[in-house]
Amino acid sequence: MAFRWKDNDQFGHINNVNYYSYFGTAISHFLVQRVQMSPGAAEALPFVVHSQCTFLRPLSYPEVVIAAMGVSRRGNSSVEYDCAVFASSAGAQESPAAVGKFVHVWTHDNQAVEIPADVRAAYAEVLLPPTTS
């Protein structure tokens, strides 16, 4: 993803709120590409119930970034994603500029529902190994 000039804040680096957008874009891209999710036609939709971001180093325009995601936990109706943003410049891909979490609860008519089978199968393909804290 390319940064836009307007993504910079008054301190000359990418405004923190944009990192959440990069996380959300990586997740949405995965859902659209892997399970052909179409919000207008889907029976169930994911709803963000939690997000967090830890900023590790600043990035600034005109940097191009790589946003990555994996699934760290799946429940019956919820999924937790681990996300990261990396600069695409040489060597910068080794350590993230930001890491975070997103939690989706799958819903229909504002009620939690089981994660659809095709989505559950796609999540299995990007399930991260358990970590110890």
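## A tour that starts at Cys83

Select Cys83 to begin: with a relative accessibility of 4%, this residue counts as buried. Keep in mind as you look around that this is a predicted model.

Now add Cys53 to the selection. Is Cys53 buried or exposed? Cys53 is buried too, at 15% relative accessible area. Show both side chains and check the distance between the sulfurs: for Cys83, the closest cysteine sulfur is the one in Cys53, 9.0 Å away. Why is there no bond between them? A disulfide needs two cysteine sulfur atoms within 2.5 Å, so at 9.0 Å the sulfur of Cys53 is too far from that of Cys83 for a bond. Searching the whole structure gives 0 disulfides.

Next, switch to a cartoon view and follow the chain from its start. You will pass 2 helices and 5 strands, in the order α-β-β-β-β-β-α. The radius of gyration is 16 Å, close to the 14 Å from the globule rule for 133 residues, so the protein is as compact as a globular protein of that length. Zoom out, and the C-alpha atoms fit a box of roughly 45 × 35 × 25 Å along the principal axes.

Turn on contacts now. Among those with a separation of 6 or more, 66% join residues 24 or more positions apart.

Finish with the surface. The accessible area is about 7,800 Å², and carbon and sulfur atoms account for 54% of it. Beneath the surface, 37% of the 133 residues count as buried. Colour by charge to find 8 positive and 11 negative side chains; the centres of these two sets are 2 Å apart.

Methods: Residues are numbered from 1 along each chain as its sequence is written. This is a predicted model: local features need pLDDT of at least 70, side-chain atom pairs count only at pLDDT 80 or more; totals for chains, interfaces and linings use all residues. Side-chain values use heavy atoms; hydrogens and water are left out. Buried means under 20% relative accessible area, exposed over 50%, partly exposed in between (1.4 Å probe, protein chains only). Helices (H or I, at least four residues) and strands (E, at least two) are DSSP runs, numbered from the N terminus. The radius of gyration is taken over C-alpha atoms; the globule rule is 2.2 Å times the number of residues to the power 0.38. Contact means heavy atoms within 4.5 Å. Accessible areas come from the Shrake-Rupley method with a 1.4 Å probe; for residues, only the protein chains shown count as cover. Lys and Arg count as positive and Asp and Glu as negative; His and the chain ends are not counted. The place of a charge is taken as NZ of Lys, CZ of Arg, CG of Asp or CD of Glu.
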